[in-house]
Amino acid sequence: MPGIGRAQALAAALATWFVLVLLLGAVGFSVGVALAAACEGGLECLNHLFGGALVGALAGAVVAAVLARRWMRWWWLPTTLVLLVPGAMLAEVDDTLSIVLVLLAPVVAGLTAVRAPGPAAGERRRRWLPGVLALGVAAALALGTWFVLERQDRRAAIAEVEAVEALGVELVAPVDRDDLRIPTMTALSGDDVRYTLARGEHPEVSYLDVALRPEGGDCASLTEHRPCERLGDGLSVYRNPENDHWVVYVDLGESHARLSDGTGTGRAPGWTEDEAVQLALELEPVDAAWLVDAEER
């Protein structure tokens, strides 16, 4: 391209990119605000705002890539979008670093895709090769970032559960029940571990809430709830006389487990007391890594 060098071409393309992404992103956000005005409330209303901004920004990126095709090669847009992925994922580690990487994504991709004023001999025959290499490196960076963050999150979750276990809380779960899964598991309070057992498929999913807490004993010694019936084998049950609510207690020595139906009203048939008692007899000791990995599965 006579009359314009690589630096000028890159600057023109980046200026087009940022102006259109910001402009159309703002337009999309405005559309989202208009749609959210008719929303009944709740966090789902935010989906209109951020969804509109995201769609607008993506449209701006596509338009910028089309307008800059005189200066940039075909892989500028896809490489930029792939590079945005690790930048966005790093937001959970450092917001400032994430913003910097997101802003640098079109710059880094542009350095590989800007056209030279005078193409070298043979460039036209192999013009796809640099693009494939750039996309491959960007994809490897995104995959590596995801893997590192996943391992870091796993180590942090295991450490939280092990901290509760160090207080004397025994970790137990139904190990050989292929019909059950653990959609959620938390240890945020610092002195107990809670997880949910799910049975069935949507929309007929029933949930059993399990809490592992310090102190051993039955419902009579652990709470003031009455009546408390001892069932033997370290099991006891509290039944609320005013409704169908019940809690099964499992004495684990220095700690105990509490099992209760968490399905909720108006949903699939929940767990019965007899099913919870049977499951309590199937609880086996596990380690923190097993619980964390079971949630991920």
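## Strands, cores and rings in a predicted model

User: In the hairpin of strand 3 and strand 4, what positive phi does Gly 200 take?

Analyst: Keep in mind that this is a predicted model. Strand 3 and strand 4 (residues 206-214) run antiparallel, with seven bridges joining them. Six residues lie between the strands of this hairpin, and there Gly 200 has a positive phi near 95 degrees.

User: Which residue in strand 4 is the bridge partner of Arg 199?

Analyst: Strand 3 covers residues 193-199, and its pairing with strand 4 is antiparallel. Across that pairing, the bridge partner of Arg 199 is Ser 206.

User: Arg 199 has a charged end, so over the ring of which residue does that end sit?

Analyst: Let's stay with Arg 199 and look at its side chain. The charged end is 4.1 Å from the centre of a ring, and that ring belongs to Trp 271.

User: On to the other partner of strand 3: which residue of strand 3 does Arg 181 stand opposite?

Analyst: Strand 2 (residues 180-186) is joined to strand 3 by five bridges, and the two run antiparallel. They also make a hairpin with six residues between them, where Gly 190 in the turn has a positive phi of about 90 degrees. In strand 3, the residue opposite Arg 181 is Ala 198.

User: Why is strand 3 said to be largely enclosed by the rest of the structure?

Analyst: Count the buried residues, using under 20% relative accessible area as the cut-off. Strand 3 has seven residues, and it counts as largely enclosed because the number buried is six.

User: How many residues does the largest nonpolar core have?

Analyst: Nonpolar side chains in soluble globular proteins tend to be buried together. Here, the residues with the most contacts inside the largest core include Val 193, Tyr 195 and Leu 208. Setting aside residues up to four places away in sequence, Leu 208 touches Tyr 195, Trp 246, Leu 259 and Trp 271, among others. The size of this largest core is 37 residues.

User: And how many residues are in the other core, the one with Ala 13 and Ala 64?

Analyst: That core lies apart from the largest one, and Ala 68 and Leu 77 are also among its members. Its size is 23 residues.

User: Trp 17 and Trp 76 form an aromatic pair, so what is the angle between the planes?

Analyst: The structure holds two aromatic pairs. In this one the rings are 5.4 Å centre to centre, and the pair counts as tilted, with planes apart by 55 degrees.

User: How many residues apart are Trp 17 and Trp 76?

Analyst: Trp 17 is in helix 1 (residues 6-36), while Trp 76 is in helix 3 (residues 76-89). Trp 17 is buried at 5% relative accessibility, and Trp 76 is buried at 1%. Along the chain, the gap between them is 59 residues.

User: In the pair of Trp 74 and Trp 75, which residue is partly exposed?

Analyst: Their rings are edge-to-face, 5.6 Å centre to centre and 85 degrees between the planes. Trp 75 has a relative accessible area of 1%, so Trp 75 is buried. With 46%, the partly exposed one is Trp 74.

User: How far apart are the sulfur atoms of Cys 219 and Cys 228?

Analyst: A search of the whole structure turns up one disulfide. Cys 219 and Cys 228 are both buried, and their link is right-handed, with 90 degrees about the S-S bond. The distance between their sulfur atoms is 1.8 Å.

How values were computed: Residues are numbered from 1 along each chain as its sequence is written. This is a predicted model: local features need pLDDT of at least 70, side-chain atom pairs count only at pLDDT 80 or more; totals for chains, interfaces and linings use all residues. Side-chain values use heavy atoms; hydrogens and water are left out. A nonpolar core is a set of buried Ala, Val, Leu, Ile, Met, Phe, Trp, Tyr and Cys residues joined through side-chain atoms within 4.5 Å. Buried means under 20% relative accessible area, exposed over 50%, partly exposed in between (1.4 Å probe, protein chains only). Contact means heavy atoms within 4.5 Å. Rings of Phe, Tyr and Trp (its six-membered ring) pair if their centres lie within 6.5 Å; planes under 30 degrees apart count as stacked, over 60 as edge-to-face and the rest as tilted. Helices (H or I, at least four residues) and strands (E, at least two) are DSSP runs, numbered from the N terminus. A charge sits over a ring if NZ of Lys or CZ of Arg is within 6 Å of the ring centre and within 35 degrees of the ring normal. A disulfide is a pair of cysteine sulfur atoms within 2.5 Å. Two strands pair if DSSP finds at least two bridges between them.
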